[in-house]
Amino acid sequence: MSFLERMKDEILIADGAMGTLLYSYGTDSCFENLNLSHAEQIQQIHEAYILAGANLIQTNTYAANYLKLQRYGLEEQVKEINTYAVRNARNAIKKDAYVVGTIGGIRGIRPNTVSIEEIKRSFREQLYCLLLEGVDGILLETYYDLEELEHILAITRKETDLPIIAQVSLHEVGILQDQTPISEALSRLEKLGADVVGLNCRLGPHHMLLTLEGIPLPKQAYLSAYPNASMPAYTDGKFHYEGDSEYFRQSARDFRNQGVRLLGGCCGTTPDHIRAFAKELKGLPPITEKKVKNSKKIIISNSSATLREDPPLQDIVKERASIIVELDPPKKLNTDKFFEGAKALKNIGIDAITLADNSLASPRICNSAIGYRIKKEIGTRPLVHITCRDRNIIGLQSHLMGLHTLGLHDVLAVTGDPARVGDFPGASSVYDMSSFELIQMIKQLNAGLSISGKDLGEKTAFSVGAAFNPNVKSLDRAVQRLEKKIEYGADYFISQPIFSEEKLIEVHGAIKHLKKPLYIGLMPLTSSKNAEYLHHEVPGIKISDSIRARMAELKDDSILAAREGITITKSLIDAAAELFNGIYLITPFMRYEISVELSAYAHETSAKISRRRQNAEVTIN
Ligand SMILES: Cc1cc2nc3c(=O)[nH]c(=O)nc-3n(C[C@H](O)[C@H](O)[C@H](O)COP(=O)(O)OP(=O)(O)OC[C@H]3O[C@@H](n4cnc5c(N)ncnc54)[C@H](O)[C@@H]3O)c2cc1C
Ligand SMILES: [Zn+2]
């Protein structure tokens with residue numbers, strides 16, 4: 001009799017965790033490879049679960065596909081690992097028990113990192129190996145992304161008539177990561193032919209039971225639940241789970257009352273947990289009717305929008321000439337000169353002071369702290385750069401929520417210079433996200449949703465700038481990146497500095513089809529050494545031969561060289577102001593008086609251009 005037939009009038013007990021058990025024994029490498037190297041140990045674990053009362057055990061193949069095995073260079077071993085895994089499970093069975101071949105989900109919190117086509121290829125190979133070796137069913141477990149599970153479930157249903165168990169992982173009570181209600185997800189899985197549908201991993205009995213309260217008994221399929229033992233704790237450099245088996249014993253009947261007919265364990269569970277379930281439910285028939293509690297509907301649109309005191313930069317620069325100036329937070333603790341500069345820039349009438357986020361990967365005073373002070377003490381708009389280098393996803397979200405609280409709504413989302421270029425070459429670059437994903441995440445906060453899809457109760461009001469590096473071999477490719485950034489939600493762009501009129505014209509031609517405005521970057525050179533360093537050593541900066549030659553001629557006179565840098569920038573302003581509304585001036589070495597002079601010049605130039613254009617219009621009319 002298949003285990004499915006038995007489930008018609010029996011609650012079956014499944015096994016518990018394999019991975020976390022192996023980890024607790026000290027294994028910290030590829031768990032699935034132990035099917036080959038430590039077959040006896042794997043068999044012993046299977047035996048312990050059967051002895052504890054499991055009717056159904058799963059092969060040690062959770063991550064035995066090439067996509068996951070390639071992390072260990074084991075992508076060629078898919079066949080051996082899966083074949084031996086089935087044999088190890090079969091060898092462990094001394095009495096009546098079933099073996100299901102398990103295949104785990106690939107996509108985690110960032111669903112789009114692996115394409116569905118690639119997942120399907122990897123999945124098919126593993127599925128064939130398991131089916132060929134002979135299993136009693138297939139367990140599809142730990143799926144965060146319903147789309148992924150639907151695709152591979154359809155493949156499985158096409159390939160086999162064996163029973164299929166399809167399980168998603170909860171994001172929070174009642175919903176998946178993309179907010180799909182669990183009841184809807186399970187009914188979609190049932191329609192695609194899953195024989196058992198349910199939940200496993202991420203959360204424990206508490207959240208699973210609350211979820212199950214809102215889920216009706218499936219029409220054709222049976223319900224399953226494999227809760228985690230607890231949330232994982234991290235002590236002395238190791239993860240461990242605290243939930244004890246007595247707690248599991250107490251929840252067993254509740255799972256039964258919610259209609260669960262296949263009850264096992266996921267991360268952190270041990271044979272003790274399974275024994276507790278088996279003992280408590282021994283001889284009890286499954287329930288056949290259940291009252292479903294109305295699940296709470298999550299209404300996102302209730303979130304209120306945050307009102308900005310000032311128009312976003314993209315609206316300003318679309319309408320008129322606009323100057324923003326980068327004045328980087330100090331590398332030392334004294335901020336006097338910085339605030340002197342910020343005040344002088346405010347007096348000259350710039351639209352924002354842009355604050356780099358530890359540019360060139362060297363620590364500076366936190367730009368949101370400085371930004372807040374600029375806004376409060378000086379009354380100028382701070383534009384806070386945010387890199388993906390220094391914070392993980394948690395830190396980025398928290399940082400953005402902090403900026404919202406401080407009323408700082410203007411941000412520039414960049415990947416960030418890699419840590420190895422900076423003061424601490426050994427520091428890690430986080431890069432949990434690309435600049436594209438960061439832009440998308442900020443826009444999601446503007447919709448009132450956290451990165452993981454939780455309702456934040458309010459909508460942020462960020463205006464999101466993105467970086468443009470035109471100093472590359474292929475300007476077309478750089479422009480394609482801008483198009484992609486627009487798709488992800490960028491509101492406007494700020495470019496790396498440009499050092500020739502030809503380049504300004506080329507850039508103007510290349511981006512004029514874009515619907516988003518650009519602040520074109522200009523940076524005064526201070527000396528020939530400065531020019532050579534920037535040209536050769538700083539990522540994203542290229543200076544024309546003629547400008548480097550002009551600076552080189554004055555290399556023995558620092559004052560004249562600095563003046564020459566200003567003169568060059570003024571002539572670039574003349575050209576830039578004809579083509580772009582937005583000018584982004586980068587202040588060299590905190591020499592804010594240079595930026596003040598250039599800002600004043602840029603204002604005059606724009607005003608002249610605007611008068612000339614108005615006169616021309618009058619003449620034509
Ligand atoms: C206005 C501005 C402000 C900046 N502020 C900071 C800051 O505060 N802190 C900091 O650390 N860094 C800063 N940077 C540097 C920036 O993070 C890096 O130069 C970055 O690689 C380029 O911008 P991005 O992060 O948006 O890159 P992305 O467009 O996200 O590019 C990321 C990766 O793709 C590569 N790439 C980009 N364009 C191309 C192309 N055309 N072809 C092939 N590969 C490409 C890049 O080299 C990089 O590895 C700033 C850059 C600009 C333009
Ligand atoms: Zn798990």
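## Ligand 1 and its protein surroundings

Of the 24 residues around ligand 1, those that come nearest are Asp357, Arg389, Thr415, Ser435 and Lys485. The model described here is a predicted one, and every value below was computed from it.

Sorted by class, the shell around ligand 1 consists of nine nonpolar, nine polar and six charged residues. Several elements each supply at least two residues of this shell, namely the strands β14 (382–387), β15 (410–414), β17 (463–468) and β18 (492–497) together with the helix α18 (475–488). The largest share, four residues, comes from α18. The table lists three side chains with an N or O atom that faces an oxygen atom of ligand 1.

| Side chain | Distance from its N or O atom to an oxygen atom of ligand 1 |
|---|---|
| Arg481 | 2.8 Å |
| Lys485 | 2.8 Å |
| Gln496 | 3.4 Å |

Taken alone, ligand 1 exposes 910 Å², and the protein buries 77% of that area.

### Nonpolar cores

In soluble globular proteins, nonpolar side chains tend to be buried together. The largest nonpolar core of this model has 90 residues, of which Leu400, Leu438, Phe468, Ile511 and Ile520 touch the most other members. Helix α22 (residues 558–579) gives the largest share of this core, eight residues. Ile511 can serve as an example, since, when its neighbours within four places in sequence are left aside, Ile511 is in contact with Phe468, Val479, Leu482, Leu518 and Phe580. Apart from this core lies another one, of 72 residues, and among them are Ile11, Ala17, Met208 and Ile274.

### Helix α12

How many of the eleven residues of helix α12 (residues 271–281) are buried? Eight of them are, so the helix is largely enclosed by the rest of the structure. The buried residues of α12 are Pro271, His273, Ile274, Ala276, Phe277, Ala278, Glu280 and Leu281, and Ile274 is also among the residues of the 72-residue core. These buried residues pack against the strands β1 (12–13) and β10 (260–263), and against the helices α2 (19–24), α4 (39–52) and α11 (245–257). Just after α12, Gly283 takes a positive phi of about 80°.

### Two single residues

Ser322 lies in strand β12 (residues 322–326). Is Ser322 buried or exposed? Its relative accessibility is 1%, and because buried means under 20%, Ser322 counts as buried. The side chain of Ser322 makes a polar contact, at 2.7 Å, with the side chain of Asp351. Leaving aside neighbours within four places in sequence, the residues in contact with Ser322 are Ile316, Val317, Asp351, Tyr519, Asn581, Gly582 and Ile583, so that Asp351 appears both in this list and as the partner in the polar contact.

Tyr84 has its place in helix α6 (residues 78–92). At 37% relative accessibility, Tyr84 counts as partly exposed, because this value falls between the limits of 20% for buried and 50% for exposed. Not counting residues up to four places away in sequence, Tyr84 touches Asn35 and Leu36. Tyr84 and Arg373 are 289 residues apart in sequence, and their C-alpha atoms are 63 Å apart in space.

Notes: Residues numbered from 1 in each chain as written. Chains lettered and ligands numbered in written order. Predicted model: local features only at pLDDT ≥ 70, side-chain atom pairs only at ≥ 80, totals over all residues. Heavy atoms only, no water. Near = heavy atom within 4 Å. Polar contact = N/O pair within 3.5 Å; in protein donor to acceptor, adjacent residues only side chain to side chain. Areas by Shrake-Rupley, 256 points an atom, 1.4 Å probe, with all protein chains shown as cover. Nonpolar A, V, L, I, M, F, W, Y, C, P; charged D, E, K, R; others polar. Core = buried A, V, L, I, M, F, W, Y, C linked by side-chain atoms within 4.5 Å. Buried < 20%, exposed > 50% of the residue type's maximum accessible area, 1.4 Å probe, protein only. Contact = heavy atoms within 4.5 Å.
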